[in-house]
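User: Please take me through the pockets and the nonpolar packing of this model, with the cut-offs behind each term.

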Amino acid sequence: MLTRSFSARREVAIGLGVYSAYLLVRRLVVNEEGRRQAARNAERIVAVEERLGIHVEPELQALLLPRRRVVAILNVAYVTLNVGLTIGWLIRLFRRRHPDFHRLRRATALATLGAEPVFLLFPVSPPRTLEHFVDTIADVSGVDLDTGLIAKLYDPIAAMPSIHVAYAVVTAAGIAETSSSALVRGLAPAYPPLVAAVVFTTANHYVLDAIAGAALGLGALRIARLLD
């Protein structure tokens, strides 16, 4: 059975190791050729969605664009709240020495690492780079995710699968299983669809990205449970 000891030093090392793997893939793929490939793959995803009748992201954007305050809130949610809640909930469980911490942290790490081969072999530009979408974070909040220091901290051509949705699935499961509040446990299943709506309306992910991200999160949870 895996150890149940709680070591802050070990958790920091695991977190840095997973993030380093992510940045390594970013370094390998974010170049001129990688961006060209990512643009082609984005067009392919749009074409598949149109054939399936699920290319609804532009319509969702159009509904919210006139409501700039709402869009600004969604921008903040996309940039900070999703990952912040995932990490924050894990920190909460760690500090409480909760017995489910290791499994949920393992699922989060597995979701991140599981996405890396796709990021490397099938880079995809986000919807905001296409002509029929609006980059709400740049247009409304004035933040350019593709230049400066911000662009060096994440992979800007890793839309498929959606790590945001994968994290949301893992975090929602964790909250549903570990929260002491019946209300919070009851609301937890609504979190992944809410995150999906955020990534669609801010033009950072496609519907297919969200589906793949949800599958990744569920798979990571299942594997983490088997390893428990």
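The exchange below deals with pockets, one helix face and the nonpolar cores.

Analyst: This is a predicted model, in which local features need pLDDT of at least 70 and side-chain atom pairs count only at pLDDT 80 or more, while totals for chains, interfaces and linings use all residues. Residues are numbered from 1 along each chain as its sequence is written, and side-chain values use heavy atoms, with hydrogens and water left out.

User: Which residues lie nearest the centre of the largest pocket?
Analyst: A pocket is an open set of points on a 1 Å grid over the protein atoms alone, where a 1.4 Å probe fits, with protein on both sides within 12 Å along at least five of seven lines, and lining residues have an atom within 4 Å of a point. The largest pocket holds about 1,200 Å³ of space, a volume being the space filled by probe spheres set on points that are joined across faces, edges and corners. Of its 37 lining residues, those nearest the centre are Tyr19, Val83, Ile87, Ile163 and Tyr167.

User: Which element gives the largest share of the lining of the second largest pocket?
Analyst: About 200 Å³ of space lies in the second largest pocket, and its 13 lining residues include Ala77, Leu81, Tyr191, Leu194 and Val198, the closest to its centre. Helices are DSSP runs (H or I, at least four residues) numbered from the N terminus, and two or more lining residues come from each of helix 4 and helix 10 (191-201). The largest share, seven residues, is that of helix 4.

User: Why do the buried residues of helix 3 lie on the same side of the helix?
Analyst: Buried means under 20% relative accessible area (1.4 Å probe, protein chains only), and in helix 3 (residues 57-64) this applies to Glu57, Pro58 and Gln61. They lie on the same side because the directions from the helix axis to their C-beta atoms cover an arc of only 100 degrees.

User: Which helix supplies the largest share of the largest nonpolar core?
Analyst: A nonpolar core is a set of buried Ala, Val, Leu, Ile, Met, Phe, Trp, Tyr and Cys residues joined through side-chain atoms within 4.5 Å. The largest has 42 residues, with Phe119, Val165 and Leu221 making the most contacts inside it, where contact means heavy atoms within 4.5 Å. The largest share of this core, 10 residues, comes from helix 8.

Technical notes
Buried means under 20% relative accessible area, exposed over 50%, partly exposed in between (1.4 Å probe, protein chains only).
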